[in-house]
Number of protein chains: 2
Amino acid sequence: MRTLVSELPGKVGSAVTLAGWVHRIRDLGGVSFVVLRDRTGSVQLVFDARPDVTPESVVRVTGTVALNDKAPGGIEVRARRVETLSAAAQDLPFPVNQDPAKMPLEAILDHRMLSLRAPALLSIFRVQSTILRCFAHCLRAEGFTEIKTSKLIGTGTEGGTGLFAVEYFDTRVFLTQSPQIYKQALVASGLERVFEIGPAYRAEKHDTPRHINEFTSLDVEMAFIESEQDLMDLETRILAAIFQGIRDGNQRDVDAWKAAIPDPASCPRIPRVTHDEAREIVGKETGHKVYEITPEGERALCEWGMKTAGIEACFVHGYPRKSRPFYTLPAENNRTHSFDLLFRGLEITSGSMRINRYEMLLDNLKAFDLNPDGMADYLSIFRYGCPPHGGFAIGLERLTQKVLGLASVKEATLFPRDRKRTRP
Amino acid sequence: MRTLVSELPGKVGSAVTLAGWVHRIRDLGGVSFVVLRDRTGSVQLVFDARPDVTPESVVRVTGTVALNDKAPGGIEVRARRVETLSAAAQDLPFPVNQDPAKMPLEAILDHRMLSLRAPALLSIFRVQSTILRCFAHCLRAEGFTEIKTSKLIGTGTEGGTGLFAVEYFDTRVFLTQSPQIYKQALVASGLERVFEIGPAYRAEKHDTPRHINEFTSLDVEMAFIESEQDLMDLETRILAAIFQGIRDGNQRDVDAWKAAIPDPASCPRIPRVTHDEAREIVGKETGHKVYEITPEGERALCEWGMKTAGIEACFVHGYPRKSRPFYTLPAENNRTHSFDLLFRGLEITSGSMRINRYEMLLDNLKAFDLNPDGMADYLSIFRYGCPPHGGFAIGLERLTQKVLGLASVKEATLFPRDRKRTRP
């Protein structure tokens with residue numbers, strides 16, 4: 001019966017069998033220390049003589065649990081027997097137990113299968129798993145249905161550019177940029193409240209720490225709401241649930257990054273400013289004349305949020321019509337019922353009320369110079385009775401990045417795809 | 001403040017505001033009955049005169065809740081005021097309130113945006129949402145981490161045929177058939193126990209009620225197990241959790257299909273037979289000489305499971321080596337440590353122990369006439385210490401289909417993709 005490292009404090013004095021990876025070997029002549037890693041943590045093993053094990057090999061160890069103030073975590077296992085389950089070749093391209101901050105990101109990603117063994121790097125994805133859990137849990141508690149829609153479509157709803165083409169039998173289809181069309185269809189079908197967690201694709205030639213070409217989109221769509229304020233309210237509850245979940249379940253992972261998880265109680269205080277107000281605030285904070293909100297402006301707004309509300313975040317709503325997709329509900333003065341959420345200097349959410357009236361949608365397609373031909377499926381959603389609704393999408397990797405304070409979104413992606421990277 | 005149909009029994013005598021879709025209108029001269037549908041159910045509205053509403057329009061209604069034995073569900077709302085929020089065009093291609101069993105599947109799928117309004121069709125996807133929830137919940141409770149891996153790869157691990165090609169900037173990549181390579185990498189990275197819910201693609205020219213070209217794969221991979229029996233044990237617990245979840249939360253949806261959800265307590269009794277024993281059983285049950293297990297044989301095995309264990313399911317393990325992928329752990333006599341789960345006549349799971357030793361994997365690649373060049377990323381998982389492990393994948397749509405007793409897997413797919421269908 002295997003004991004996990006996390007269970008050792010309850011077994012002092014007992015004989016246990018551990019299994020895991022050899023993290024580090026230190027031979028002091030008469031005594032050898034081996035650090036063993038499993039999915040719950042690591043522990044020092046003490047051997048009377050240097051054991052026949054090598055770094056990164058997978059071993060099974062039996063021994064006795066003992067308290068030792070000098071051991072990391074105050075506990076160690078006096079090993080009696082060790083058996084190698086799978087021996088690691090000794091030409092590792094880099095030492096897994098080094099500080100990953102010393103490796104360039106490109107090397108980490110080139111050797112992703114091995115670099116993920118570094119406990120700090122792996123901890124990113126335990127936090128990501130918690131985000132996935134809390135997002136779904138929060139929405140289910142509010143009556144949302146989880147949906148799974150096709151990632152292959154005939155044409156895009158975001159304008160048609162930036163799509164990857166797929167050779168599909170004798171025809172060509174595209175990878176979806178978002179489940180927009182489908183989540184709107186399902187709201188109108190009667191589910192009213194839906195969410196989807198799935199991949200989304202952008203064939204854009206970005207090369208920045210905030211862009212990847214394949215990401216996981218946390219999509220929400222909700223009917224019978226009054227305004228975009230309802231959507232910001234919902235996102236506030238989701239964020240609070242996620243922060244609480246990470247605080248409760250990922251202390252070890254958060255500590256590995258010395259990250260500060262926002263207080264869930266601060267989420268309802270996230271400022272909500274109009275796009276016009278946001279430009280003014282950025283102007284005041286940076287001392288520059290502001291025409292549009294640049295990445296520098298996004299950072300300034302989040303710093304302003306920290307100063308005024310105690311959380312590095314800001315909702316910006318009422319974006320100009322021409323900067324939002326055609327399905328966005330227009331408001332007065334060429335504004336829209338739209339919003340973004342900026343968090344720690346980065347846009348992590350885009351959302352809006354949608355047009356739910358068929359005639360208005362046709363007019364807007366015209367205003368955007370888009371052709372309604374070939375959009376019959378999409379238009380049928382609105383032709384036959386569609387409730388007022390809206391929604392938003394959170395970028396999973398961006399949220400993970402910012403929660404842990406990582407420099408690049410690629411660090412928060414298990415196997416990132418960018419313009420040049422298609423492996424591993 | 002909107003009241004949901006499901007909340008009406010607690011509000012008899014009160015004034016309420018409802019919102020939803022006009023399901024049916026019956027005008028009896030002095031009095032009109034309108035059935036209103038929302039996400040929680042439907043209710044009869046009573047009007048003194050025919051209201052100005054049309055089928056499928058979205059309306060808001062105020063009225064008083066009253067008991068009435070003659071009303072469906074024993075409750076009705078005496079309407080005082082009705083307002084159309086979104087009027088439906090009156091050229092619906094078919095009546096949404098008809099029995100969907102009267103429509104051919106192709107018509108249902110051609111008009112998917114509208115046909116989903118039929119309550120029975122929508123109920124399929126509420127059950128599917130429950131399956132997603134219970135699958136994740138069960139695994140998280142056992143220490144599994146949820147992962148999200150790339151769906152774009154340079155080459156396939158399942159043999160290289162049957163892949164859809166994607167035009168990716170200046171190169172070509174493929175849509176993954178499964179996250180096999182990645183879930184093995186993450187087990188070996190130290191997460192030990194991982195699951196992923198994501199799309200998977202098979203570029204195969206099938207045209208059957210059991211095949212689609214894009215499906216949702218419920219993937220599991222688990223380290224430090226002794227044998228494939230551990231995997232069947234785990235799947236048994238997952239199935240029991242799913243059946244319990246549907247029984248607890250989807251009675252209305254199950255009733256719509258007059259489906260029988262298996263007793264969760266029967267799951268541990270699912271028979272486990274070797275491939276050789278399975279062929280014998282099929283031979284006895286069908287009276288035919290059996291060389292391999294055909295779809296007819298799969299049905300016979302499930303009927304035999306019902307007779308012997310009270311559940312229409314059967315685990316078959318020990319498949320011949322040549323019928324399983326190269327990464328499957330070989331057993332004696334050219335058998336493998338593999339298994340399938342058959343449920344109600346259909347294979348819904350394929351799983352196995354995997355080869356975790358580098359040299360054995362190289363040998364097996366040779367035996368399968370596969371080229372290890374270009375598999376360096378995959379091979380590095382095993383070269384540097386990989387624990388014994390195994391896993392399996394459940395097809396979400398197939399499980400949904402069989403749970404509800406649907407004739408085709410396409411009925412259990414929101415927007416199915418097959419050889420000819422790429423829309424809506």
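**Chains A and B: interface, salt bridges and barrel**

Tutor: In this predicted model, about 7,700 Å² is buried between chain B and chain A, and carbon and sulfur atoms give 60% of that area.

Student: What makes a residue part of this contact, and how many does each chain supply?

Tutor: Heavy atoms within 4.5 Å make a contact. By that cut-off chain B supplies 94 residues and chain A supplies 94 residues.

Student: Why is the pair Arg383(A) and Asp91(B) called a salt bridge?

Tutor: The cut-off is 4 Å from a side-chain nitrogen of Lys or Arg to a carboxyl oxygen of Asp or Glu. The N to O distance between the side chains of Arg383(A) and Asp91(B) is 2.4 Å, so the pair qualifies. Between chain B and chain A the count is 10 salt bridges. On the side of chain B that touches chain A, helix H4 (residues 180-191) of chain B gives the most, with 9 residues. That side of chain B divides into 46 nonpolar, 17 polar and 31 charged residues.

Student: How many salt bridges are there over all chains?

Tutor: Over all chains the structure holds 57. One of the pairs that meet in a salt bridge is Arg2(A) with Glu192(B), at 2.9 Å, N to O.

Student: Why does the pair Arg2(A) and Glu192(B) join two chains?

Tutor: Arg2(A) sits in the segment before strand S1 (15-27) of chain A, while Glu192(B) sits in the loop between H4 and strand S10 (193-201) of chain B, so the link runs between two chains.

Student: How do you know that strand S8 of chain A pairs with strand S8 of chain B?

Tutor: Pairing requires at least two bridges. Strand S8 (residues 165-168) of chain A and strand S8 (residues 165-168) of chain B are joined by 3 bridges, so they pair, and they run antiparallel. Within this pairing, Ala165(A) stands opposite Glu167(B).

Student: What makes S4 and S5 of chain B a pair?

Tutor: The test is again at least two bridges. Strand S4 (residues 58-67) and strand S5 (residues 75-86) of chain B have 10 bridges between them, so they meet it, and they run antiparallel. Val59(B) stands opposite Thr84(B) in S5(B).

Student: Which strands close into a barrel in chain B, and in what order?

Tutor: In chain B, 5 strands close into the barrel in the order S1-S2-S3-S5-S4, with mixed pairing. From one strand to the next, the twist averages 55 degrees.

Technical notes. Residues are numbered from 1 along each chain as its sequence is written. Chains are lettered from A and ligands numbered from 1 in the order in which they are written. This is a predicted model: local features need pLDDT of at least 70, side-chain atom pairs count only at pLDDT 80 or more; totals for chains, interfaces and linings use all residues. Side-chain values use heavy atoms; hydrogens and water are left out. Helices (H or I, at least four residues) and strands (E, at least two) are DSSP runs, numbered from the N terminus. Axes are lines fitted to C-alpha atoms, for helices over the stretch in contact, and angles run from 0 to 180 degrees between N-to-C directions. Buried area is the accessible area (1.4 Å probe) that two parts lose on being put together, summed over both. Ala, Val, Leu, Ile, Met, Phe, Trp, Tyr, Cys and Pro count as nonpolar, Asp, Glu, Lys and Arg as charged, and the others, Gly among them, as polar.
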